[in-house]
Amino acid sequence: MTALTGGVAAADVLTELARGSALELAHYFEDLPNPVFNGIVPQASGWRGWLRGSRTVRHRVLAVRYTVAEPMLSIGSNMVSFDVMGFLLAIGEDGTLRTGAVNESISIDTSSTLPDIALPFFDERVRNVPTSRTKMGVWLGGNDPAQVAPPEAVLELLRLSATRLHQQKQAQGRLLRRLLGA
């Protein structure tokens, strides 16, 4: 594998591929099926960017990885509320993959668990996360929980987003053809 990549580690190649895929997918940002939230990002790259202030960029959730989950209380007969801490992976409308820490309260079915893996945007355990603006930093790849998922998993999440977008557009096209009598 090293010979194929010219000496560059395969993980680095996959990270760059994921970043490029996110940039291409950002062209369809308004149509993506992923939930939207506002992320707070630095004005420029590096530590100087935070010194210069921050700006708000709209993001679409790709995945959430919970690292701590404390059961709070039972809600009804089949729901439980959890206080969770973890990390969020999202694609900005500028095409940048970013991560951020989240501290939330979520309600899930009592039969559900909160595994220490990246849960995709369509999972019911990710619904409505984050609930507020979140400070976001550039996704670097790797297996660190703060990076949410390794590059190969991020590529799969981007593929899932693109596939769902394509399915949504096909359904809209079929409906339009039916309405126009074609």
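Here a biologist asks a modeller how to read a few features of this predicted model.

Biologist: Let's start with burial. Is threonine 99 buried or exposed?

Modeller: The general idea is a cut-off: buried means under 20% relative accessible area. Threonine 99 has a relative accessible area of 9%, so it counts as buried. You'll find threonine 99 in strand β4, which covers residues 97-109.

Biologist: Okay, and which residues does threonine 99 touch?

Modeller: For contacts, we skip residues up to four places away in sequence. With that rule, threonine 99 touches Leu88, Leu89, Lys135, Met136, Gly137, Trp139, Ala146, Gln147 and Val148.

Biologist: Now glycine 53. Where does glycine 53 sit?

Modeller: Look at the loop between α2 (47-51) and β2. Glycine 53 has a relative accessible area of 24%, and partly exposed runs between the buried limit of 20% and the exposed limit of 50%, so that's the label glycine 53 gets. Leaving out residues up to four places away in sequence, glycine 53 touches Pro42 and Gln43.

Biologist: How far apart are glycine 53 and alanine 18?

Modeller: You can count that in two ways, along the chain or through space. Glycine 53 and alanine 18 are 35 residues apart in sequence, and 28 Å apart in space from C-alpha to C-alpha.

Biologist: One last thing: which residues form a nonpolar patch on the surface?

Modeller: To join a patch, a residue needs over 30% relative accessible area. Take isoleucine 75, in strand β2 (residues 54-75). Isoleucine 75 is at 34% relative accessibility, so it counts as partly exposed. Met72, Leu73 and Ile75 make up the patch, and together they have about 250 Å² of accessible area.

Conventions: Residues are numbered from 1 along each chain as its sequence is written. This is a predicted model: local features need pLDDT of at least 70, side-chain atom pairs count only at pLDDT 80 or more; totals for chains, interfaces and linings use all residues. Side-chain values use heavy atoms; hydrogens and water are left out. Patches are made of residues with over 30% relative accessible area and no salt bridge: like charges are joined within 9 Å, nonpolar side chains (Val, Leu, Ile, Met, Phe, Trp, Tyr) within 5 Å. Accessible areas come from the Shrake-Rupley method with a 1.4 Å probe; for residues, only the protein chains shown count as cover. A salt bridge is a side-chain nitrogen of Lys or Arg within 4 Å of a carboxyl oxygen of Asp or Glu. Helices (H or I, at least four residues) and strands (E, at least two) are DSSP runs, numbered from the N terminus. Buried means under 20% relative accessible area, exposed over 50%, partly exposed in between (1.4 Å probe, protein chains only). Contact means heavy atoms within 4.5 Å.
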